[in-house]
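Me: I have a model open and would like a guided close look at one part of it. Could you walk me through it in one go?

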Amino acid sequence: MNTYNSIKVLAMLLVITVGHGAALADSGRDSTVPVTDKVAPKKTGPDKKAAGKTPPAAIPVYVPPMRGAPVARVGGGTRGIGDDLPFVSVVTPEHTGYTSSSQPVLYWYLSEPVDTRFEFALINDNEIEPVMEIASERQMQKGLNFLDLAEHGISLKPGVIYQWSVALVGQPEKRSSDIVSSGTIELVELNETQSAALAGADGLDTVRIYAREGYWYDAFTGLSRLIDASLDDAELIETRTALLRQVGLNEVADADK
């Protein structure tokens, strides 16, 4: 074999050897290693699924029905009876709050439980006698308390502004020392657009619609019922706290946790 042919044979053998070696190396890989074990591209943002938590729902935004309306809410305090009596406040906006229910639920807040005499009154300025008066000697609990007008057979009339109040009576012979808080409420019927929107909503969406349309009492009652039904869900309580702050009830909001 001449020199040229020898070199040609050696070159062919070298190609065959290299190719066979690469095939052996490839076939020798560990087939048990899954594809997912390959290095993934580095993430540039947070992994929401890994966090295991969905973003919180949008907070209902209360839109007052009449901007510039006169202040109607009167706050309570600890004046007159003694330093140990609590702060009391009706849970209303500063202006007249709307409701779409003829028998709404009315809420008020007490900073401490009390054993003193308690009075509730609902007044229509167009009538001489109060629409409703209740006096109670039972202990009132700390936090949010409420009265459901339906349970007392009382219905509001559309277009009438009612004043309602709660009072702690420490000295019946000296009523000027009462601790009183009051607000106003008006029954305003829903229009067709509002009714249609509510018909297709439920849960927190219903609360958002009521708040957006200016129906404070409906929004607050709906949210409070959701909290009661969900065994005091923390996110819902935070939502109610935010709603209270929107109408300036900061002391009530601070305690509603």
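What percentage of the 257 residues in the protein do the buried ones make up? And once that is settled, what does strand 4 (residues 117-124) pair with, and what can be said about its surroundings?

Reply: Happy to. One thing to keep in mind throughout is that this is a predicted model. To your opening question: 37% of the 257 residues are buried. The secondary structure consists of seven helices and eight strands. Of the contacts between residues with a separation of 6 or more, 68% link residues 24 or more positions apart.

Now to strand 4. On one side of the pairing list is strand 7 (residues 161-169), which runs antiparallel to strand 4 and is joined to it by eight bridges. A handy pair to click on is isoleucine 123, which faces glutamine 163 of strand 7. The other partner is strand 5 (residues 132-136), also antiparallel to strand 4, with five bridges between them. Here you can pick out glutamate 119, with alanine 135 of strand 5 opposite.

From strand 7 you can follow the pairing onward. Strand 7 is joined to strand 8 by eight bridges, again in the antiparallel sense, and tryptophan 164 has glycine 183 as its bridge partner in strand 8. Strand 8 covers residues 179-187, and eight of its nine residues are buried, so the rest of the structure largely encloses it. Strand 8 also pairs with strand 2 (residues 97-99), this time in the parallel sense and over three bridges. There, threonine 99 is matched with leucine 187 of strand 8. Put as a path, the pairing leads from strand 5 to strand 4, on to strand 7, then to strand 8 and finally to strand 2.

Next, the side chains. The largest nonpolar core has 52 residues, and those touching the most other members are Trp108, Phe120, Leu122 and Trp164. Phenylalanine 120 and leucine 122 fall within the 117-124 range of strand 4, while tryptophan 164 falls within the 161-169 range of strand 7. Phenylalanine 120 is worth a pause. Beyond its neighbours within four places in sequence, phenylalanine 120 contacts Leu106, Trp108, Met132, Glu133, Ile134, Leu147, Trp164, Ser165 and Val166. Trp108 and Trp164 in that list are themselves among the residues with the most partners in the core.

Now for the open space that strand 4 helps to line. The second largest pocket has a volume of about 260 Å³. Its lining numbers 16 residues, with Trp108, Arg138, Met140, Phe146 and Leu147 nearest the centre. Strand 4, strand 5 and strand 6 are the elements that each give two or more residues to that lining, and strand 6 contributes the most, with five. Sorted by class, the lining of the second largest pocket has eight nonpolar, five polar and three charged residues. Trp108 and Leu147, both near the centre of this pocket, are also contacts of phenylalanine 120.

Arginine 138 ties this pocket back to the strands. Arginine 138 sits in the loop between strand 5 and strand 6, and its relative accessible area of 54% makes it exposed. Its C-alpha atom is 8.0 Å from that of phenylalanine 118, although the two are 20 residues apart along the chain. Phenylalanine 118 lies within the 117-124 range, so to speak on your strand.

For contrast, have a look at the largest pocket, with its volume of about 350 Å³. It is lined by 17 residues, and Lys142, Gly143, Leu144, Arg240 and Asp256 lie nearest its centre. At least two lining residues each come from strand 3 (105-110), strand 6 (143-148), helix 5 (216-229), helix 6 (234-246) and helix 7 (250-255). Its lining comprises eight nonpolar, three polar and six charged residues. Strand 6 thus appears in the linings of the largest pocket and of the second largest.

A last stop is the loop between helix 5 and helix 6, where leucine 231 lies. Leucine 231 is not a glycine, yet its phi is positive, at about 55 degrees, and with 74% relative accessibility it counts as exposed. Aspartate 232 is in the loop between helix 5 and helix 6 as well. Its phi is near 60 degrees, again positive in a residue other than glycine, and at 51% relative accessibility aspartate 232 is exposed too.

Terms used:
Residues are numbered from 1 along each chain as its sequence is written. This is a predicted model: local features need pLDDT of at least 70, side-chain atom pairs count only at pLDDT 80 or more; totals for chains, interfaces and linings use all residues. Side-chain values use heavy atoms; hydrogens and water are left out. Two strands pair if DSSP finds at least two bridges between them. Helices (H or I, at least four residues) and strands (E, at least two) are DSSP runs, numbered from the N terminus. On a 1 Å grid over the protein atoms alone, a cavity is a set of points where a 1.4 Å probe fits but cannot get out, and a pocket is an open set with protein on both sides within 12 Å along at least five of seven lines; lining residues have an atom within 4 Å of a point. Grid points are joined across faces, edges and corners, and a volume is the space filled by probe spheres set on the points. Ala, Val, Leu, Ile, Met, Phe, Trp, Tyr, Cys and Pro count as nonpolar, Asp, Glu, Lys and Arg as charged, and the others, Gly among them, as polar. A nonpolar core is a set of buried Ala, Val, Leu, Ile, Met, Phe, Trp, Tyr and Cys residues joined through side-chain atoms within 4.5 Å. Buried means under 20% relative accessible area, exposed over 50%, partly exposed in between (1.4 Å probe, protein chains only). Contact means heavy atoms within 4.5 Å.
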